[in-house]
Structures are given as C-alpha cells and as structure tokens.
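Thanks, everyone, for making the time. I would like to walk through one model this morning, moving from charged pairs to rings and then to the wider layout, so please keep the display open while I talk.

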Amino acid sequence: ILLFLNFQGVKILDMISKQRITNVPRDDISLRPDMYPCSLCWKDNLTLIIGWGNSVKICSVKERHASEMRDLPNRYVEIVFQFDTEFYISGLAPICDQLVILSYVKEISEKTEMECCARPRLDIVQPLPESCEEISSDALTVRGFQENECRDYHLEYSEGESLFYIISPRDVVVAKERDQDDHIDWLLEKKKYEEALMAAEISQKTIKKHKILDIGLAYIKHLVEKGEYDLAARKCQKILGKNTELWEFEVYKFKEIGQLKAISHYLPRRDPVLKPLIYEMVLHEFLESDYEGFATLIKEWPGDLYNNTIIVQAVVDHLKKDPQNRTLLRTLAELYTYDQRYGRALEIYLTLRHKDVFQLIHKHNLFSSIRDKIVLLMDFDSEKAVDMFLDNEDKISIDRVVKELENRPELQHVYLHRLFKRDHHKGQQYHEKQISLYAEYDRPNLLPFLRDSTHCPLEKALEICQQRNFVEETVYLLSRMGNSRSALKMIMEELQDVDKAIEFAKEQDDGELWEDLILYSIDKPPFITGLLNNIGTHVDPILLIHRIKEGMEIPNLRDSLVKILQDYNLQILLREGCKKILVADSLSLLKKMHRTQMKGVLVDEENICESCLSPVLPSDASKSFSVVVFHCRHMFHRECLPVSNTVSSVQFCNICSAKHRGPGSAVLEMKK
C-alpha cells in the first residue's frame with residue numbers, strides 16, 4: 001500500500017495491482033494546509049490513521065469479494081471510526097486500542113481578551129464509532145510555545161520501546177507509557193491508599209517498586225492519623241494476615257494511642273495465635289473500663305489464648321470492690337468453667353440464678369457436686385430441677401432428694417408429686433407422707449392421688465381428711481374401705497347433693513344403699529324430685545311413690561312422673577326389640593345347624609372305631625357291617641356301642657357325654 005497526499009486529500013494506492021484504491025478528502029478546506037498539515041500513521045499493515053485539522057479518521061483496507069470486482073480495484077477502504085477533537089491535531093500515534101494525539105491549543109487571554117497560543121496537549125483517547133472518550137490529558141511545557149504554530153509540533157513514536165517523541169522548535173520531549181508502579185506512585189501521592197492497595201493486589205506479579213505489605217502498612221498508618229481507628233483495625237486482618245510480629249507491633253501501637261478496644265474485636269484467635277500477653281493486655285484494658293465488653297471477649301475468645309489464672313485473679317480483685325456485680329460474677333463463672341473448676345462455677349451460677357446452670361450440670365456431669373445444693377436448684381427452677389433429678393435417679397437417689405427437702409415441705413411435695421405422676425410405684429414408702437403434703441399444698445390433686453395409689457394407708461388418709469373436713473375425699477375413702485352407708489350419709493348430710501348421692505348409689509349398686517337414700521329423702525321434696533328423675537332404671541319407682549306422704553308438695557312432680565313413664569315405656573320397647581332380635585338369631589342358627597347336620601359324613605379306611613380302635617370299614621368289602629357316626633365325628637361299630645338304658649331311641653356319643661361336651665345324636669347309620 002502506497003500513500004501520498006496533497007492539499008486535496010490522501011491518495012491510497014495498491015502497489016500490487018498498480019491501482020488507486022481510494023481518495024480520502026480533507027474535511028475542513030477553510031484551514032490552510034501549510035499551517036495545519038496532515039498527520040498520518042499506520043496502526044498495522046492494513047489500518048491507517050489520518051488526522052487533519054480537528055478531524056480524525058481510522059481507515060481499514062479490506063479485500064473486495066470476487067463477485068463484486070467487475071472493473072473495481074481488488075481492495076477498498078472502509079472508514080471504521082471518525083470523530084472531531086476540540087483542538088487542532090499536530091501528531092498521531094497508536095497505543096494498543098487507543099490513540100495518542102498531540103494537540104495544538106489556542107485560548108483567549110484573560111488579560112488582553114485576545115486569542116493566543118497555549119501549551120500543547122498530549123491526549124489519550126478511546127475511539128468510538130462517531131465520537132471518542134478521553135482517557136487522559138496532559139499539558140506540555142515547552143519553550144516558546146506562545147510563538148509556535150500547529151505545523152511547528154510533531155509526534156513520533158518508537159513502537160518497540162513504547163516511547164513517544166514530541167518535537168517543537170526548541171525542545172524535544174520524550175514520553176513513556178506509565179506502568180502499574182507509576183500508577184501506584186500517583187495513587188499514594190494522592191493518598192488514595194485503598195485504590196493503591198487494590199491496584200497492587202491486581203498487579204502483584206508485574207509491579208517491581210512496591211510491595212503489598214508496605215502499601216497496607218502505610219494505609220493503616222494513614223487511617224490511624226485520620227482517627228478512623230475501627231477501620232484501621234479492621235484492615236489489619238487483611239493486611240497483616242498471619243504475620244504475628246506485625247500483629248503484635250500494631251497492637252502496641254494501638255495501645256500507645258489508647259485504642260486497644262478498637263483492635264480487640266479483630267485480633268486473630270486461630271492461625272495465627274499471638275502471645276498470651278497481648279490478649280491479657282486487651283482484657284485488662286476492658287476490665288478497667290468496660291465490664292460488659294470484658295464479658296463479651298471472655299465469651300467469644302477461646303480460653304487457651306491467655307493465662308486463665310491471671311485473668312481470674314484480676315476479676316477476683318475487682319469483685320472485692322464490687323462484690324454484687326452480676327456481670328463480673330457471670331464472667332468469673334465462665335472463667336472457672338474454662339479452668340474446669342466446675343464446682344465454683346456452679347456456686348456462682350446458682351447465686352445468680354443463671355439459666356445455664358442445668359446445662360452446666362449435664363454437660364460436665366456435676367451431679368456429685370449438687371447433692372447439697374438440691375434446695376437451691378429447686379428454689380431456682382423447680383420444674384427443671386425435678387426433671388433433672390428424676391432423669392438421673394442413679395446419680396441422685398429419691399431418698400437423698402426427699403431428705404434434703406425435709407425442711408421445705410412445699411418443694412418436697414412438688415418433687416414427690418412429679419415422681420408419682422411418672423411412676424405410681426416409685427417412692428411408695430413416701431405415699432403416707434404425701435397424704436399430708438397434698439392436703440396442705442395441693443388439695444385438688446389429693447383425690448386423684450388417693451384413687452391411683454395402692455400403697456397409701458387408708459386409715460391414715462381417712463384420719464387426715466376427717467380432721468380437715470375434706471368431704472369428697474372422706475366419702476371416697478369410706479366407700480373404698482367398705483363403709484358405703486356412712487359414705488352415703490356424709491354425702492346427704494354434709495354435701496346435701498342428691499345427684500351425687502344418686503350417682504354414688506349407682507356406682508355401688510347396693511339395694512340397701514338405695515333404701516337408705518329413699519328413707520333420708522322421703523321428707524325432703526327436692527330430694528324426692530331428684531330420685532324420681534334418676535332411679536327409674538335402678539329401683540322400682542313404686543317403692544318411693546308409696547312412701548310419699550299424702551299432701552306433700554313435690555317440685556316438678558308431674559314432669560318426674562312423666563319421665564318415669566317414659567323410661568318404663570323405653571325399657572319395654574328395648575326388651576321387645578331385644579326379644580325380636582334374639583328369636584330371629586335363634587331361628588337363623590337353628591336352620592344353619594339343621595343344614596349342617598343334614599350333610600353327609602365321609603367314612604374311609606383311615607377312620608377307626610372309638611371303642612375297639614379297629615378300622616370302621618372291614619378289609620373285605622363283601623362282608624356285611626354296621627357303623628354309627630355321630631355329629632361330633634366320632635364313629636363306632638354298631639356292636640361296639642353300649643346298650644342304652646333310656647326309653648328314647650336317640651343315641652348320644654359316649655365320649656362327648658363323658659367329657660360334658662353335650663350330647664351328639666347319630667346322624668348316620670351305615671349297614672351292608
């Protein structure tokens with residue numbers, strides 16, 4: 001490809017075919033071509049960059065398809081990018097996919113308000129289809145720039161060395177493409193440490209002057225100087241990594257400025273682990289000024305990071321000044337737990353009534369340590385304590401718990417009640433004691449206990465219930481002891497409850513009780529009404545009605561009599577219905593039995609006579625024989641059957657009759 005240009009434009013020739021490919025005309029013909037000359041450069045063998053005036057064109061030389069040739073040249077030129085710049089172009093050069101443009105600049109002087117020459121500019125732009133994006137721009141200081149024209153500047157470049165030469169009448173300026181080290185230098189100069197650190201991490205394989213660690217340390221120092229202590233401490237995690245020496249150095253720097261608390265949350269706890277002194281120093285700092293923060297660190301940090309004994313002593317010293325401080329006590333308990341001094345930790349948790357006390361006991365199997373702390377545990381949470389005692393009876397016996405709670409009967413009752421609910425037979429030796437406990441602290445559950453227990457002494461229970469005038473419980477005990485009449489009398493006299501008296505009489509199903517109930521109720525109209533309404537199915541109502549005194553007013557008598565008649569009618573209907581069902585079932589079964597008895601019975605050589613035990617059928621079929629077969633499937637020779645002494649002609653199986661299985665009449669007599 002050959003290029004030549006004149007004032008009209010740029011001519012492009014194909015030296016192989018000796019043909020002119022195209023002509024790229026000059027855009028702004030108003031500019032003098034001798035004052036604003038054309039700038040040309042090749043980006044590659046087939047891409048031409050043309051700059052003239054303030055216009056840039058990027059042209060691509062392409063092969064023409066054979067079908068399009070006709071009389072046209074083998075190649076053609078396509079303008080890929082075309083855009084205008086703000087200033088006049090003095091030189092062009094490619095740099096990767098971008099362009100370096102040397103621009104001639106004119107500006108209006110503020111003093112004279114006249115147009116004058118300014119310093120030339122070296123711009124890097126990104127070409128776009130119809131415009132460009134400015135990447136960077138630098139004004140160059142050259143001598144005599146005020147007197148220079150656009151044609152006085154030239155831009156040349158050395159492709160292999162990435163060097164650019166800016167030539168003016170008095171100076172030659174050499175420009176070099178900036179590398180990542182230069183970029184980081186600029187960022188550090190502008191105190192953009194975060195961006196510098198990011199750039200160094202991205203280009204860590206190519207940078208030569210800088211180290212990521214040095215940039216990071218400078219960043220931390222910068223943040224500390226700005227007073228952003230928390231951010232500086234957070235960055236330590238990423239920048240310092242596993243370098244224990246740097247970690248310890250930075251911790252001491254934070255201590256010097258009184259900001260140990262800021263870095264405490266970011267100290268490494270595993271891989272790496274710093275010297276115990278570092279962690280102890282931080283803990284002492286919190287202990288002096290922030291108990292809650294101290295407690296948080298103790299909870300979060302593993303117990304092997306620091307000397308536990310030293311910290312425990314420090315906490316004990318502070319507790320001497322403030323012995324009731326719950327935060328310090330709770331933290332001391334955790335320290336004792338780390339140190340496996342579970343007994344002391346347990347005492348503190350119990351004192352604080354801490355929710356983790358039961359978890360601590362289970363986790364570390366501290367049942368031997370709580371045998372003398374049963375009352376404390378029950379006072380703290382009786383429900384959880386009882387569950388724990390009952391689930392671990394092999395470690396804390398029932399007798400031990402009851403003995404420890406001897407002076408706290410209300411807690412003793414809670415424990416024994418739950419034990420009884422879990423198993424009615426465990427703790428049976430304490431059932432007598434439980435009667436008094438239920439009577440004192442939990443009467444609603446006394447009656448269910450008396451009903452379910454098979455080990456409590458009834459006489460003792462009756463004595464206690466009578467002393468306290470517990471009528472329902474006394475009634476139950478009297479009836480259970482067989483004194484139903486006294487129980488009924490107490491219901492009628494003490495409770496005055498006819499319904500309960502009737503219910504009691506129904507349960508006992510004793511005629512004498514009904515007689516006593518009628519005698520007691522005969523002069524009490526409300527009781528008579530209750531009896532009339534309820535005894536119809538248990539006692540003949542006539543017995544009650546005959547005893548009612550003439551002229552006595554009985555509430556709702558008519559309704560009661562109607563109910564008695566209705567109940568009587570209902571009984572009659574039920575009996576008739578049952579009778580019909582019984583007759584129908586009997587007839588059906590009788591028919592079924594008759595059909596069954598009418599069926600034949602198989603008799604073969606294997607059957608034997610139940611009397612002589614020889615085969616029923618003779619071996620010689622020509623001989624005559626006589627066999628009797630009963631419905632029970634027992635078989636006899638006719639001659640082997642004993643002679644019946646009865647007048648009836650019906651015979652019965654001797655075997656079934658002897659075993660009282662019922663008679664079996666003969667169904668078949670076989671003769672030949």
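**Charged pairs, rings and layout**

Let me begin with a salt bridge in which the side chains of Asp-171 and Arg-143 meet, with an N to O distance of 3.1 Å. Asp-171 sits in the loop between S15 and S16, while Arg-143 belongs to the loop between S13 and strand S14 (154-158), so this pair ties together parts that are 28 residues apart in sequence. I should say at once that what you are looking at is a predicted model, and that my remarks should be heard with that in mind. The two partners differ in how they are covered: Asp-171 counts as buried, at 17% relative accessibility, whereas Arg-143 is exposed, with a relative accessible area of 52%.

The two strands on either side of Asp-171 deserve a closer look. Strand S15, residues 163-167, and strand S16, residues 172-176, pair in the antiparallel sense over five bridges, and together they form a hairpin with four residues between them. If you want a point of register, Tyr-165 stands opposite Val-174 in S16. Ile-167, which has its place in strand S15, joins Val-172 and Val-174 in making a nonpolar surface patch of about 240 Å². Ile-167 has a relative accessible area of 31% and is therefore partly exposed.

Returning to charge, how many salt bridges does the structure hold? The count is 29, and I will pick out two further examples. In one of them, the side chains of Glu-134 and Arg-121 meet at 3.3 Å, N to O. Glu-134 lies in strand S13 (residues 132-139) and Arg-121 in strand S12 (residues 121-127), so the contact ties together parts that are 13 residues apart in sequence. Here the acid, Glu-134, is partly exposed at 48% relative accessibility, while Arg-121, at 18%, counts as buried. These two residues are also linked with Asp-123 in a network of salt bridges.

The other example is formed by Lys-373 and Asp-372, whose closest N and O atoms are 3.4 Å apart. Lys-373 counts as buried at 13% relative accessibility, but Asp-372 is exposed, with a relative accessible area of 54%.

Now to the rings, where the structure holds ten aromatic pairs. Tyr-36 and Tyr-88 have ring centres 4.8 Å apart and planes at 50°, so this pair is classed as tilted. Tyr-36 lies in the loop between strand S3 (19-25) and strand S4 (39-44), and Tyr-88 in strand S8 (residues 88-95), so the pair ties together parts that are 52 residues apart in sequence. Tyr-36 is buried, with a relative accessible area of 12%, and Tyr-88 counts as partly exposed at 26% relative accessibility.

Phe-358 and Phe-380 give us another geometry: their ring centres are 5.9 Å apart and their planes are at 5°, so the pair is stacked. Phe-358 lies in helix H12 (residues 357-364) and Phe-380 in helix H13 (residues 374-380), so this pair ties together parts that are 22 residues apart in sequence. Phe-358 counts as buried, at 6% relative accessibility. There is also an aromatic cluster, formed by Phe-420, Tyr-438 and Phe-449.

Finally, the wider layout. The chain is divided into domain 1 (2-168), domain 2 (178-274), domain 3 (278-364) and domain 4 (600-658). How far apart do the C-alpha centres of domain 1 and domain 2 lie? The separation is 46 Å.

Two individual residues can serve as landmarks. Asn-45, in the loop between S4 and strand S5 (47-52), counts as exposed at 71% relative accessibility. Its C-alpha atom is separated by 33 Å from that of Lys-205, the two residues being 160 apart along the chain. Val-629, by contrast, is found in strand S17 (residues 626-630) and counts as buried, at 0% relative accessibility. The C-alpha atoms of Val-629 and Leu-602, which are 27 residues apart along the chain, are separated by 9.8 Å.

That is where I will stop, and I am glad to return to any of these places on the screen.

Conventions: Residues numbered from 1 in each chain as written. Predicted model: local features only at pLDDT ≥ 70, side-chain atom pairs only at ≥ 80, totals over all residues. Heavy atoms only, no water. Pairing = 2+ DSSP bridges. Domains from an automatic or database assignment. Patch = residues over 30% accessible without salt bridge, like charges linked within 9 Å, V, L, I, M, F, W, Y side chains within 5 Å. Areas by Shrake-Rupley, 256 points an atom, 1.4 Å probe, with all protein chains shown as cover. Salt bridge = Lys/Arg side-chain N within 4 Å of Asp/Glu carboxyl O. Buried < 20%, exposed > 50% of the residue type's maximum accessible area, 1.4 Å probe, protein only. Phe/Tyr/Trp six-rings, centres within 6.5 Å; stacked < 30°, edge-to-face > 60°.
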